[in-house]
Amino acid sequence: MNLARLVDHQWRAVVVVMVLLSIGGLIAMTRVPMALFPDTNFPRIIIVIENGEVPAQQMLVTVTRPVEEAMSGMPGIARVKSITSRGAAEIDLFFDWRSDIQQTLQIVQSRVSGLATTLPPTARVARVERLTFAVFPIIAYSVTSPRRDPGTLRTLTELTIRPPLARVPGVGSVIIQGGEIREYHVNLDPARLESRGLTVSQVADALKNTNVIDSPGLIDENHHLELALVSGQAKSIEDITHIVIASVNNVPVMLSDVATVEPGFQPRYTIVTADGQPAVLVNVLRQPTANTAAVVDAVKQQLDLLKPQLPRDVEIKPFYDQSLLVRASVGSVRDAIIIGLVLSVLIMYGFLRSWGTTLVATVVIPVTIMVTILVMWLVGLSFDLMTLGGVAAAIGLVIDDAIVVVENIYAHIAAGTPRSEAVQKAISEIAAPIVGSTITPVVVFLPLSLLTGVTGVFFRSLALTMAVALLTSLVLALFFTPVLARRFVSTSTKPQEEGGPILRRLIGIYERLLTIALRYRAAILIVIGLLVIISFLIYKLLGSEFLPEFDEGAFILDYVAPPGASLQETDRLLRQVEKLLKETPDVESFSRRTGLQLGLAGVTEPNTGDFAVKLRPKHRASDEVTSELRQKIESTEPTLRVEFIGILSDLIGDLQSSPSPVELRLFSEDAAALQRTAKQIAASIAKVHGVVEIFNGIVVSGPAVTFRIDPQRASTFGITAADVSETIESALGGTVASSIVERNRAIDVRILLPPSYRTSLDQLRSLRVHSPTTSGFVRVDQVATIEYDPGQTEIDRDGLRQSLAVTARLEGVDLGTAIKSIRSQLAKDVHLPAGMTLEYGGLVALVFLVLLVEFRSFAHPVAIVTGAVLALTGTLAALLISRTTLNVVSLMGMIMIVGIVAKNGILMLDTVEDHLAGGVDLNTALVQSGRRRFRPVLMTSLAAMLGMLPLALALGSGAELLQPLAIGVIGGLAFALLLSLVVTPAVYAMLRG
């Protein structure tokens, strides 16, 4: 029993299976998570270690290098990078994309734990985590009040707002930034301390040893076990003031005798504002597999329940909401699918003039989409720009199979064959070529699923979605379409096979053109040669980049104040930037972090930070807004270095550890030569048109003052470096010596010397340290000399080598053109010192193999592949005309064209052998085959082009990301119509001789 008869006999089973699959797709639609990009495990793990204010060079020797060396031999490790600054080190581990990153993370955590004993005792491991898209907030709020101080706002946020948000299903963590953290300050009086012969260390020890609660064990009495507790725990300020520090001349000295205790705040090294006002920021991060839109909805619902419990003067306002872009992007792609479907239906009706026949071909599309969604759910994909883009791009291709089958059935019925016989005859004729023509583009797409890196992450799900859609459409065309055709293909009219007068005229023109091409085959070779040359010239004219830019309606403004600038001075500079943002009509709101960052932040200095800027719904292009702001900031605050980045571009760049599009990385063990050459490179590339925001890579942490202890003098007085350090620590940031439990919260108790010591180096010199040898006090400058370091630079290492990266961004120029110009300019201006190096940050064969298996000859594959490759001329021309760059998205469109045109070529040559078997010569067989396939090829090409038209017009948010793909496919298809119908048969004729 052949396929046609099987489908005819089992049509009920076919219908039931299709209905069940469609229902499964509808159910899956409600369960597939929604996100902006496909979820992925980036093979990168970050380790952040903090160690007070230890100099960068010492951090490198004692922390960074031991961790690098311990990690460099791990299985699957591809690259180790590090940044070492004053008091902090960030070590980035990059693994092979095939590594099991979850298991690798456990190994890294184990190795870091094992290193703890070899690291300095003051070093603290702050973070060991893998990086995913979920490390960036999906929604963030600012909490402000005109009446409440930052400490009250912080407490309110932590106690009232954070806990219920953290309990929302799908929320990974809730990070609080800004405000001030309450604590109690013990303000020492140096004169009263000295008069009693007491030291700062004694005060700290008294607080640590007295204000405790401990359990020495259990008491076994009267057949009961009772917990024994020893408590000296203070429950209020009064309890703290009555702690006895020491006994002088048998008189107890209480804390109140040498200090005053009062409420205060932790020393502040960061500033957070929202729209220019002091604020506390609430950043909500999702779990890696959570549905972005659903989590945001749940967070908003929880906040609505919380607002009545908050004081009326407290305002909670979103300053970033990723779900808006997710919904808008998904909605625009969904609209593109619907519009493309409607346009494809109109094309079919225009050719066939039968609503019944059009319905048969159209029903395939929603069923295919439902089955595709079902498969997406089963394999763990999400609704995102890539998967929905794959569905939208596949609409025109999915309908191809149904059109070919329906058109063939329609042609047989129009020729007078009974309907049942016509269906069986048409399926028998078309089954083999339609299988081959569908497998061909699938073979093109599947290798994309093997890609690694960020490109693979983005396009693996797109390729998989398209392959599933095409294979589903093939199954439906062979099984479901014939069932529908038997009942809905109309025979009430008697249309001609060639269609109406316009189509008959087009067929006549085509026959004459093909006849001429077959007669003058040598001319076709000349045309092919010219097309190859034209394609090469167009390719040279096209720009290139990684991903097309798309307007997110928001951006990040990164800034760096001059090295060593105080928090207050940095804040003064940024007040001017806030003023400029307020004066920009396109800006709706913004938040600012100083000493912090919105996303990944391993090492952040007090003179650095960022703004998250949200634009109004109706705004100028983002690049216009940022260009204008850049000019204003550079003219009003020239000492401030700024950088404008799209939020998601910033996220992707951070995840890759390549945050800038232009990165020139130098390697040398000579730090001075590195810095000197980096400055030369930065000056050189500044001459290149379109290169902006140039940074030479030299990060200075700011000046440092070193109290160099003289061992001999210190030993004379019995003083150690630790004694001096503890005394100076109390004068500067204070020493946290204990805590008080209030309302189930531990409030730190910090020991401080008077504020005058924090603002004067002379006061620090005069600090007095207790001498056990003389039982008196010694000034700091009696045992230490003061050394001044104008600035300590961060130390970058890559692959266990010292490196420096000169970075820049682009404005009004594509990446490929800029890199060419940069290479040329550097060749003129810069000569690298000895020992220094500089680094700049097979599909057609598979198609041919499938064709060779199908046709069992070389003439068919060569002819088809020739037409498919030449169709790229149309793709390149369309990209050039629309001023679109070559990027991974437009290259995807070029790959699709190879598959689509090969598919059309298969349909064109399939019937040639049948005509030859009928006794006609080769040219006549080709003309007859072309005449027969002209209408289906024209219909499928137009349906595919119109199906992608909404994507090509970039209608809606996020659609710009897929626009190059659609433009490339439309250009290639428009050009390929002639190639499939004229060049392919001509090349085939030449090969057949």
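Biologist: Which residue in β12 stands opposite E183?

Modeller: In this predicted model, G264 in β12 faces E183.

Biologist: What makes β7 and β12 paired strands?

Modeller: Two strands count as paired if there are at least two bridges between them. Seven bridges join β7 (residues 182–188) to β12. Therefore the pairing criterion is met. The two strands run antiparallel.

Biologist: In what order do the four strands of the open sheet lie?

Modeller: The order is β12-β7-β25-β24, and the pairing is mixed. The twist averages 30° from one strand to the next.

Biologist: What makes β12 and β24 the edge strands?

Modeller: Each pairs on one side only. β12 covers 259–265, and β24 covers 735–742.

Biologist: What can be said of the direction of α7 against β25?

Modeller: Helix α7 (residues 200–210) lies across β7, β24 and β25 (745–752). Its angle to β25 is about 165°. Angles over 145 degrees count as roughly antiparallel, so α7 is roughly antiparallel to β25.

Biologist: Now the helix pair. Why is α2 called oblique to α12?

Modeller: The axes of α2 (residues 11–29) and α12 (residues 355–379) cross at roughly 55°. That value is not under 35 degrees, nor over 145, nor within 65 to 115, so α2 is oblique to α12. The axes come within 7 Å, and the crossing is left-handed.

Biologist: Which residues make the contact?

Modeller: From α2, they include M18, L21, L26 and M29. From α12, V367, M370, I373 and W377 are among them.

Biologist: How do the residues of the contact of α2 with α12 divide?

Modeller: There are 11 nonpolar, three polar and no charged residues. S22, G24 and G25 of α2 belong to the contact. Gly counts as polar, so G24 and G25 fall in the polar group.

Biologist: Why is strand β20 called largely enclosed by the rest of the structure?

Modeller: Buried means under 20% relative accessible area. Four of the five residues of β20 (residues 641–645) are buried, so the strand is largely enclosed.

Biologist: How do you know that β17 and β20 pair?

Modeller: Five bridges link β17 (residues 554–560) with β20, in the antiparallel sense. At least two are needed, so they pair. Y559 stands opposite V642 in β20.

Biologist: What makes β22 mostly covered?

Modeller: Of the five residues of β22 (residues 691–695), four are buried. β22 pairs with β30 (residues 801–810) over three bridges, in the antiparallel sense. V691 faces L810 in β30.

Conventions:
Residues numbered from 1 in each chain as written. Predicted model: local features only at pLDDT ≥ 70, side-chain atom pairs only at ≥ 80, totals over all residues. Heavy atoms only, no water. Axes fitted to C-alpha atoms, helices over the stretch in contact; angles between N-to-C directions. Left-handed = near helix turned anticlockwise from the far one by under 90°. Contact = heavy atoms within 4.5 Å. Buried < 20%, exposed > 50% of the residue type's maximum accessible area, 1.4 Å probe, protein only.
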